[in-house]
Amino acid sequence: MVTFMDIVAYLKPKYVLMENVVDILKFADGYLGRYALSCLVAMNYQARLGMMVAGCYGLPQFRMRVFLWGALSSMVCSISCHSVCLLHLYCAVDCWVIRFI
């Protein structure tokens with residue numbers, strides 16, 4: 001997670017998308033989720049953390065996944081679970097994915 005945030009801080013992309021397993025929210029009473037959101041907000045990003053069944057959006061799996069969306073505060077962006085396909089959702093099973101637009 002620290003490496004992911006370091007990459008975002010270095011590249012400063014307009015949009016950020018991170019995907020992971022639901023257990024990331026259960027570990028250490030949700031510390032990693034709070035850490036991720038606070039890092040993005042501190043870097044001047046709009047941020048949202050959400051869970052959804054990725055298979056409902058065309059992926060070949062039906063497990064719950066956690067998604068962290070971020071957009072620079074200068075970007076006009078309304079981020080929701082149902083608009084994720086507009087952000088060009090790409091993910092892989094059980095691994096970190098970064099999609100910079």
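# A tour of the chain, element by element

From the N terminus on, the elements run α-β-α-α-β-β. That comes to 3 helices and 3 strands. The model on screen is predicted, and residues are numbered from 1 along the chain as its sequence is written.

**Whole chain.** Start with everything shown. The chain has 101 residues, of which 40% count as buried. About 5800 Å² is exposed, and carbon and sulfur atoms supply 62% of that area. Among contacts with a separation of 6 or more, 65% are between residues 24 or more positions apart.

**The sheet.** Select residues 15-21, 45-53 and 64-72 and show them as a cartoon. Residues 15-21 are β1 and residues 45-53 are β2, while residues 64-72 form β3. Together the 3 strands make an open sheet in the order β1-β3-β2, with antiparallel pairing. The edge strands are β1 and β2, each of which pairs on one side only. Neighbouring strands of the sheet are turned by 15° against each other on average, direction ignored.

Now go through the pairings. β2 and β3 run antiparallel and are joined by 9 bridges. To find a point on this pairing, select M52 and look across to R65 in β3, which stands opposite. On the other pairing, β1 and β3 are antiparallel over 7 bridges. Here, select N20; its bridge partner in β3 is V66.

Stay on β1 and colour it by accessibility. The strand is mostly covered, with 6 of its 7 residues buried.

**A salt bridge between strands.** Select R65 again, this time with E19, and show side chains. Their side chains meet in a salt bridge, at 2.5 Å from N to O. The pair links distant parts of the chain: R65 is in strand β3 and E19 in strand β1, 46 residues apart. Are these two residues buried or exposed? Both R65 and E19 are buried.

**A salt bridge within a helix.** The count of salt bridges comes to 2. For the other pair, select K26 and D23, whose closest N and O atoms are 3.7 Å apart. Both residues lie in helix α2 (residues 23-26), 3 residues apart, or about one turn of the helix. K26 counts as exposed because its relative accessible area is 59%, and the cut-off for exposed is over 50%. D23 has a relative accessible area of 47%, so D23 is partly exposed.

**Helices on the sheet.** Bring the sheet back and add residues 2-11. This is helix α1, which packs on the sheet and touches β1, β2 and β3. The direction of α1 makes about 170° with that of β1. Next add residues 31-42, helix α3, which also packs on the sheet, touching β2 and β3. The direction of α3 makes about 150° with that of β2.

**A surface patch.** Finish with a surface view and select I7, Y10 and L11. These residues make a nonpolar surface patch of about 340 Å². I7 has its place in helix α1. Why does I7 count as partly exposed? Its relative accessibility is 31%, and partly exposed covers the range between under 20%, which is buried, and over 50%, which is exposed.

Notes. Predicted model: local features only at pLDDT ≥ 70, side-chain atom pairs only at ≥ 80, totals over all residues. Heavy atoms only, no water. Pairing = 2+ DSSP bridges. Helix = DSSP H or I, 4+ residues; strand = E, 2+ residues; numbered from the N terminus. Axes fitted to C-alpha atoms, helices over the stretch in contact; angles between N-to-C directions. Contact = heavy atoms within 4.5 Å. Patch = residues over 30% accessible without salt bridge, like charges linked within 9 Å, V, L, I, M, F, W, Y side chains within 5 Å. Areas by Shrake-Rupley, 256 points an atom, 1.4 Å probe, with all protein chains shown as cover. Salt bridge = Lys/Arg side-chain N within 4 Å of Asp/Glu carboxyl O. Buried < 20%, exposed > 50% of the residue type's maximum accessible area, 1.4 Å probe, protein only.
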